[in-house]
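User: I am new to this model and would like a close look at one small part of it, with its neighbourhood in the chain. Please start from a single residue and then lead me on through the charged pairs, the metal site and the empty spaces.

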Amino acid sequence: MPSHAMNTLRRKVAGSATQKLTAARAAQATKITETGFMEWALRVPEPKAGTLDFDRFPFQRELYEESGEREIVVKKATQIGVSAYLIRWSLFYADTRGWSVLYIFPTAKQLFDHSDARVQPLIDNTEYLRGRVPRTRVQNKGLKGVGLGLVYFRGSEQKRALDSVDADAIAFDEYDTLTQENLPDAERRVSGSEHGLIRRVGVPSVPDFGVSASYERSDQRRWLTKCEGCNEWQPVDFWKNVDQEQMRVVCWACRKPLPVENGHWVASYPDRDIRGYHAPRLIVPRIARNENGALEAIVRESQKRKPYEITVFHNKDLAEDYAPAEGRLTLQVIQAAQTAGGGYEMESSYTGSGLVTMGVDVASTRNLNVRISEHLREGVKRALWIGEVTSFDRVADLIRQYRVNMCAIDSLPEHRLAMGLAEQFAGTVYLVSYSAPLQGPVMTVDEGLRLAKVRRTEAIDATFQQIREQRNWLPTDLPRGYPEQLTSLVRHVTVDDTDKVVVSYKATGPHDYAQAEVYDMVAGELWLWRTAVDAELQSELRPLEDMLEFERSALSDESVGYTPGPSLHEGFAEDELDEEEFGAYD
Ligand SMILES: [Zn+2]
């Protein structure tokens, strides 16, 4: 059965179940379906802390006063109570409107922990909700029947699990750490619904990415406060509004204390459809007043100088994106790599006797990005050809045409076709997959599976370092899109909930050519590995990575506690389990 027919069927089944339920509770349902979010939320206290307290978090009131706006984005700092909002929002629409709501978290494992820590206690501790989540209906960590509807809990990494759900509303939590390539699919889950509500909530990371990019497209609401001294309306800006002598938030004009509790949300682009909120920590009144040294702590954060500390301050305190200049390639660097090559054009074939490597990024069977290199001397190569081809057969032609000695090809999403190529060119073509973060050496090779596993962050670091040092020469006739795709990957260094430094690359746009470059770099590494194997020297050699591109690029800026890889996907962001947030509603 085609998947759309399957989905229609599911929708019908779900629909008829809802109808029976509605009939059975007609009287009750009529009233409940008219309940507003605010009224409902006030009936659902926070475990240990009690009813929502808007004196503590006045800026949250407007979030609860919504009336079914199609799309809302919250770009937030940590520890400001917003995560609790998103859970309530999901339960509310299921309970009162009988909708199917999809709640998405970075990974299924995190989600189940989150469900245990946050969702279930909310239900258990609320008399009202206990009655709405009866044991007679389906109740597990991935699915809860709430009132008239259902809430599906899904990890963003599970593409198949996402595809199996049709929903009326979708809540994205921890937006920047979600598996971004699955988000368009997830959004299609609500495209068939007449409601189709979307909420995106998260701490920003790098510019043009994730929650920050979403906020840019929104009406951009900021929390503005009127100074009681000089009547100036103003947002709270760390650099302008924090008086470090008085240690409190003041008016930027007359320096009188600024009562942020009296603020209002004001849109910068009121005619835009998407509603967006920017919520830094300074708009929390008790922080603005420096109660318990809360503001002083933020000032201390602002004075730290390690790269990841600067990022953490911008992202988690100010709720601003941040990327240092050295965090991405620039067009100037790419031009310099062209100049280093002496201004040559691409070759249509290769007849020389040098080492030739090739990297292939696979987006689909018909969309393959290729980079072919001639290696000139140790650590220096030049591009023979860079371009796009539309079939694996064409890749095979290129291998012959350019006398490729070693080719590294993306193992996904066309594993079978990539494997076919590896078997056709045994010993010349290897599949590449990215290994689990934090595990093992930077590269391991499984000869039987014709598979190399590499750590993603280090591989991209090494590739970019080679370009920066002008050891990867580029032709003057680069294909369309190449420079943009090389500059779209942005390095992000932050700390996780256990204060461990984590490094990852965020894609702010298409980056297929950047991936092709990475695979070509891996092909070079594979050639060295192969040479070592053939010479039967590998057991006596120093660890292979000492002589590889990976090692050359070793970046020293986070040497202590450096834990590379996209491990932002592991563990909670610190606010999720923070006492502060529970204490929000006392
Ligand atoms: Zn003033």
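Analyst:
**Starting from one residue**

Valine 312 counts as buried, because its relative accessibility is 11% and the limit for that word is under 20%. Please keep in mind that the model is predicted. Within the chain, valine 312 belongs to helix H14, which covers residues 307-317. Its C-alpha atom is 5.7 Å from that of threonine 494, although the two residues are 182 apart in sequence.

A second residue in a helix can be set beside it. Glycine 420 sits in helix H17, made of residues 415-424, and with a relative accessible area of 34% glycine 420 is partly exposed. Between the C-alpha atoms of glycine 420 and phenylalanine 392 there are 9.2 Å, with 28 residues separating the pair along the chain.

**Charged pairs**

Over the whole structure, the search for salt bridges finds 31. One of them joins glutamate 46 to arginine 118, with 3.7 Å between the closest N and O atoms. This pair connects distant parts of the chain, since glutamate 46 is in the loop between helix H3 (37-42) and helix H4 (61-64), while arginine 118 is in helix H6 (residues 108-124), 72 residues away. Glutamate 46 counts as buried because its relative accessibility is 4%, and arginine 118 counts as buried because its value is 5%.

Another salt bridge is formed by arginine 221 and glutamate 62, whose closest N and O atoms are 2.6 Å apart. Arginine 221 lies in strand S8 and glutamate 62 in helix H4, so this salt bridge ties together parts of the chain that are 159 residues apart in sequence. With 16% relative accessibility, arginine 221 counts as buried.

Lysine 159 and aspartate 185 make a further salt bridge, again with the closest N and O atoms 2.6 Å apart. Here, too, the partners come from distant parts of the chain, lysine 159 being in helix H8 (residues 159-163) and aspartate 185 in helix H9, 26 residues apart. The two partners fall into separate classes of accessibility: lysine 159 is partly exposed, at a relative accessible area of 40%, whereas aspartate 185 is buried, at 13%. Through shared partners, salt bridges bring Lys159, Asp163, Asp185 and Arg188 together in one network.

**The metal site**

The zinc ion is coordinated at 2.3 Å by the SG atoms of four residues, Cys227, Cys230, Cys251 and Cys254. The angles among the four donor atoms run from 100 to 120°, and the site is tetrahedral. Read along the chain, the donors follow the spacing C-x2-C-x20-C-x2-C. Cysteine 227 and cysteine 251 are 24 residues apart and link distant parts of the chain, with cysteine 227 in the loop between strand S8 (221-226) and strand S9 (233-234), and cysteine 251 in the loop between strand S11 (248-249) and strand S12 (264-267). Both cysteine 227 and cysteine 251 are buried. Strand S8, which precedes the loop of cysteine 227, is also the strand that holds arginine 221 of the salt bridge with glutamate 62.

**The empty spaces**

Rolling a probe the size of a water molecule over the atoms shows where empty space is left. The largest pocket holds about 1700 Å³ of space. Its lining has 47 residues, and those closest to the centre of the pocket are Thr179, Gln180, Glu181, Arg456 and His511. Two or more lining residues come from each of helix H9 (183-188), helix H10 (210-217), strand S14 (355-364), strand S18 (429-434), strand S23 (501-507) and helix H20 (512-534). By kind, the lining of the largest pocket divides into 18 nonpolar, 16 polar and 13 charged residues. Helix H9, which is among the elements that contribute to this lining, is also the helix in which aspartate 185 is found.

Apart from the pocket, the structure has three cavities of 30 Å³ or more. The volume of the second largest cavity is about 40 Å³, and the residues lining the second largest cavity are Phe59, Leu63, Val74, Val82, Trp265, Tyr277 and Ala279. The lining of the second largest cavity consists of seven nonpolar residues, with no polar and no charged ones.

Methods:
Residues are numbered from 1 along each chain as its sequence is written. This is a predicted model: local features need pLDDT of at least 70, side-chain atom pairs count only at pLDDT 80 or more; totals for chains, interfaces and linings use all residues. Side-chain values use heavy atoms; hydrogens and water are left out. On a 1 Å grid over the protein atoms alone, a cavity is a set of points where a 1.4 Å probe fits but cannot get out, and a pocket is an open set with protein on both sides within 12 Å along at least five of seven lines; lining residues have an atom within 4 Å of a point. Grid points are joined across faces, edges and corners, and a volume is the space filled by probe spheres set on the points. Helices (H or I, at least four residues) and strands (E, at least two) are DSSP runs, numbered from the N terminus. Ala, Val, Leu, Ile, Met, Phe, Trp, Tyr, Cys and Pro count as nonpolar, Asp, Glu, Lys and Arg as charged, and the others, Gly among them, as polar. Donors are N, O and S atoms within 2.8 Å of the metal (3.2 Å for Na, K and Ca); water is not among the atoms, so sites may look incomplete. Four donors count as tetrahedral if all angles lie between 85 and 135 degrees; four count as square planar and six as octahedral if opposite donors are over 155 degrees apart and all others between 65 and 115; anything else is irregular. Buried means under 20% relative accessible area, exposed over 50%, partly exposed in between (1.4 Å probe, protein chains only). A salt bridge is a side-chain nitrogen of Lys or Arg within 4 Å of a carboxyl oxygen of Asp or Glu.
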